[in-house]
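Here's a small set of exercises to work through with the structure open beside you. Try each task before you read its solution.

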Amino acid sequence: MSITDELFIDAPPERVWKLTLDLESWPETTPTMTSVERLDTGPLRVGSRARVKQPGQPSRVWTVTQLEPGSLFAWEAKSPGVRMTGSHRVEPASGGCRNTLGFQLRGPMAGVATALLGRALRRAIATENEGFRRAAEAASR
């Protein structure tokens, strides 16, 4: 399963990127995150890890797998039979930027997880993107 949510944000891409990298502030930005705790120090980089707690879910450790400064951040977490990948892409657009959140489920249990959680996951990704939009646009005022 693959989900993508794309949203125009009326704020500079640098502001959205800064929010994207500030993982530990995500619970203030979106109700889909209860807590995010970095497990290492320094700038976010490939290999960086964070423990993420989401409502109704067990805590999971996510590991950064891709980082293109200013434009792309991706990370992965594993559960029995499922590998999850989340991505954040920020691209300049006329008068602001386009923020694209992606989420993929792969593995032998991905079909079952999709059947059980697909609708909720789509809603969560859209809610997260809306949270980034609100936070970035509020900071622009």
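**Exercise 1. A helix and its faces**

Which residues of helix 1 (residues 13-21) are buried? Keep in mind that you're working on a predicted model.

*Solution.* Step one: go through the helix and pick out the residues under 20% relative accessible area. In helix 1 that gives you Pro13, Val16, Trp17, Leu19 and Thr20.

Step two: look down the helix axis. The buried residues of helix 1 fall within an arc of 160 degrees, so they line one face of the helix.

Step three: turn to the other side of helix 1, where Glu14 and Lys18 are exposed.

**Exercise 2. Placing threonine 85**

Work out where threonine 85 sits, whether it's buried or exposed, and what its side chain pairs with.

*Solution.* Start with the secondary structure: threonine 85 belongs to strand 6, which covers residues 82-93.

Next comes accessibility. The relative accessible area of threonine 85 is 13%, and the cut-off for buried is under 20%, so this residue counts as buried.

Now check the side chain. Threonine 85 and arginine 106 are joined through their side chains by a polar contact of 2.6 Å.

Finally, list the company it keeps. Skipping neighbours within four places in sequence, threonine 85 is in contact with Trp62, Trp75, Glu76, Gly102, Phe103, Gln104 and Arg106. Arg106, the polar partner from the previous step, is on that contact list too.

**Exercise 3. Taking the largest pocket apart**

Describe the largest pocket: its volume, its lining and the elements that build it.

*Solution.* First, the volume: the largest pocket holds about 670 Å³ of space.

Second, the lining. There are 31 lining residues, and those nearest the centre of the pocket are Gln54, Gln57, Met84, Phe103 and Leu121. Elements that contribute two or more residues to this lining are strand 4 (60-68), strand 5 (72-79), strand 6, strand 7 (96-106) and helix 3 (110-140).

Third, which element gives the largest share of the lining? That's helix 3, with eight residues.

Fourth, sort the lining of the largest pocket by class: you get 21 nonpolar, eight polar and two charged residues.

**Exercise 4. Looking for a closed space**

How many cavities of 30 Å³ or more does a search of the whole structure find, and what lines the largest cavity?

*Solution.* The search turns up one cavity of 30 Å³ or more. The volume of the largest cavity comes out at about 30 Å³.

For the walls, the lining residues of the largest cavity are Val52, Gln54, Gln57, Pro58, Arg60 and Trp62. By class, this lining splits into three nonpolar, two polar and one charged.

Now compare with Exercise 3. Gln54 and Gln57 line the cavity, and both are also among the residues nearest the centre of the largest pocket.

**Exercise 5. Loop residues**

Take serine 59, proline 43 and serine 94, and give each one its loop and its exposure class.

*Solution.* Begin with serine 59, found in the loop between strand 3 (49-53) and strand 4. With a relative accessible area of 41%, serine 59 is partly exposed. Beyond its sequence neighbours within four places, serine 59 is in contact with Arg51, Val52 and Lys53. Serine 35 is 24 residues away from serine 59 in sequence, and their C-alpha atoms are 9.0 Å apart.

Proline 43 comes next, in the loop between strand 2 (35-38) and strand 3. Its relative accessible area of 65% makes proline 43 exposed. Not counting residues up to four places away in sequence, proline 43 touches Arg38 and Ser48.

Last is serine 94, in the loop between strand 6 and strand 7. Serine 94 is exposed, at 74% relative accessible area. From serine 94 to proline 12 it's 82 residues along the chain, with 9.8 Å between the C-alpha atoms.

**Exercise 6. An exposed strand residue**

Is threonine 4 buried or exposed, and which residues does threonine 4 touch?

*Solution.* Threonine 4 is found in strand 1, residues 2-9. At 57% relative accessible area, threonine 4 is exposed. Leaving out residues up to four places away in sequence, threonine 4 touches Thr100, Leu101 and Gly102.

Definitions and conventions: Residues are numbered from 1 along each chain as its sequence is written. This is a predicted model: local features need pLDDT of at least 70, side-chain atom pairs count only at pLDDT 80 or more; totals for chains, interfaces and linings use all residues. Side-chain values use heavy atoms; hydrogens and water are left out. Buried means under 20% relative accessible area, exposed over 50%, partly exposed in between (1.4 Å probe, protein chains only). Helices (H or I, at least four residues) and strands (E, at least two) are DSSP runs, numbered from the N terminus. The arc is that of the directions from the helix axis to the C-beta atoms. A polar contact is a pair of N or O atoms within 3.5 Å; within protein, one must be able to donate a hydrogen and the other to accept it, and residues adjacent in sequence count only if both atoms are side-chain atoms. Contact means heavy atoms within 4.5 Å. On a 1 Å grid over the protein atoms alone, a cavity is a set of points where a 1.4 Å probe fits but cannot get out, and a pocket is an open set with protein on both sides within 12 Å along at least five of seven lines; lining residues have an atom within 4 Å of a point. Grid points are joined across faces, edges and corners, and a volume is the space filled by probe spheres set on the points. Ala, Val, Leu, Ile, Met, Phe, Trp, Tyr, Cys and Pro count as nonpolar, Asp, Glu, Lys and Arg as charged, and the others, Gly among them, as polar.
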